[in-house]
Amino acid sequence: QVLLVESGGGLVQAGGSLRLSCAASGRTFSNYAMGWFRQAPGKEREFVAAVSKSGALTRYADSVKGRFTISRVNANNTMYLQIYSLKPEDTAVYYCAASLVYPPLNPTYWGQGTQVTVSS
């Protein structure tokens, strides 16, 4: 079992920045590829970004390329999502997820989510 806990969400104005964190526990963090997903009101959950087990590989949804940066620090069992130039359409609950497979498009473990709200 992998326990994932997100933090760092909040209310921010358009154009602002946020850094989301995902703290993992329970299993060896470096054995898992990690990802961020989001779900906006009335929409399905969608893939945002992924990072490989070592951190060497990353992948992004087209809608966030150039504005979002995913990273991880295996020594700290933590993954991050740095978000720049926030837009109102980025408003969503952001979830971190873990999978033994990269990219983690069908993760095994999920966090509880953190709300990001962008005001115009």
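Partly exposed, as I will use the term, means a relative accessible area between the 20% under which a residue is buried and the 50% over which a residue is exposed. Glu46 falls in that middle class, because its relative accessible area is 36%. Before going on, please note that this is a predicted model.

I will stay with Glu46 for a moment, since it leads into the charged residues. The side chain of Glu46 meets that of Arg38 in a salt bridge, 2.6 Å from N to O. Arg38, in contrast to Glu46, is buried, because its relative accessible area is 6%. Arg38 also forms a salt bridge with Asp90, where the closest N and O atoms are 2.9 Å apart. That pair links distant parts of the chain: Arg38 sits in strand E4, residues 33-39, while Asp90 sits in the loop between E8 and strand E9, and the two are 52 residues apart. Both Arg38 and Asp90 are buried.

Asp90 has a further partner. Its side chain meets that of Arg67 in a salt bridge of 2.7 Å, N to O. Here too distant parts of the chain are linked, with Arg67 in the loop between strand E6 (58-60) and strand E7 (68-73), 23 residues from Asp90. Asp90 counts as buried because its relative accessibility is 0%, and Arg67 counts as buried because its value is 10%. Taken together, Arg38, Glu46, Arg67 and Asp90 are linked in a network of salt bridges. A search of the whole structure finds four salt bridges.

Now for a charged residue of another kind. Which side chain of opposite charge is nearest to Glu6, and how far away is it? It is Arg45, at 7.7 Å, and Glu6 is buried yet has no salt bridge. The cut-off for a salt bridge is 4 Å, so a distance beyond that does not count.

What does the side chain of Glu6 have instead? A polar atom of that side chain lies 2.8 Å from the backbone nitrogen of Cys96. A polar atom of the Glu6 side chain also lies 2.9 Å from the backbone nitrogen of Gly113. Setting aside neighbours within four places in sequence, Glu6 is in contact with a list of residues including Cys22, Trp36, Tyr95, Cys96 and Gly113.

Glu6 belongs to strand E1, residues 3-7. E1 runs antiparallel to strand E3, residues 18-25, and five bridges join them. Within that pairing, Leu3 stands opposite Ser25 in E3. E3 in turn is joined to strand E8, residues 78-83, by six bridges, and these two strands also run antiparallel. Ala23 has Thr78 in E8 as its bridge partner.

Next, the aromatic rings. The count comes to four aromatic pairs. In one of them, Tyr32 and Tyr109, the ring centres are 6.1 Å apart and the planes stand at 70°, so the pair is edge-to-face. Tyr32 lies in the loop between E3 and E4 and Tyr109 in strand E10, residues 109-110, so the pair ties together parts that are 77 residues apart in sequence. Tyr32 counts as buried because its relative accessibility is 7%, and Tyr109 counts as buried because its value is 16%.

Phe37 and Phe47 make another pair, with centres 5.7 Å apart and planes at 75°, so this one is edge-to-face as well. Phe37 is in strand E4 and Phe47 in strand E5, residues 46-51, ten residues apart. Phe37 is buried, with a relative accessible area of 5%, and Phe47 counts as buried at 19%. Phe37, Phe47, Tyr95 and Trp110 form one aromatic cluster. Tyr95 has come up already, as one of the residues in contact with Glu6.

Last, some backbone details. Most residues other than glycine have a negative phi, and most peptide bonds are trans. Where does this chain depart from that? A cis peptide bond joins Tyr102 and Pro103, with omega about -5°, and Pro103 is found in the loop between E9 and E10. Asn77, in the loop between E7 and E8, has a positive phi near 55°. Ser85 has a positive phi too, near 50°, and is found in the loop between E8 and E9. Asn77 counts as partly exposed because its relative accessibility is 30%. Ser85 is likewise partly exposed, at 40%.

Notes: Residues are numbered from 1 along each chain as its sequence is written. This is a predicted model: local features need pLDDT of at least 70, side-chain atom pairs count only at pLDDT 80 or more; totals for chains, interfaces and linings use all residues. Side-chain values use heavy atoms; hydrogens and water are left out. Helices (H or I, at least four residues) and strands (E, at least two) are DSSP runs, numbered from the N terminus. Buried means under 20% relative accessible area, exposed over 50%, partly exposed in between (1.4 Å probe, protein chains only). Lys and Arg count as positive and Asp and Glu as negative; His and the chain ends are not counted. A polar contact is a pair of N or O atoms within 3.5 Å; within protein, one must be able to donate a hydrogen and the other to accept it, and residues adjacent in sequence count only if both atoms are side-chain atoms. Contact means heavy atoms within 4.5 Å. Two strands pair if DSSP finds at least two bridges between them. Rings of Phe, Tyr and Trp (its six-membered ring) pair if their centres lie within 6.5 Å; planes under 30 degrees apart count as stacked, over 60 as edge-to-face and the rest as tilted.
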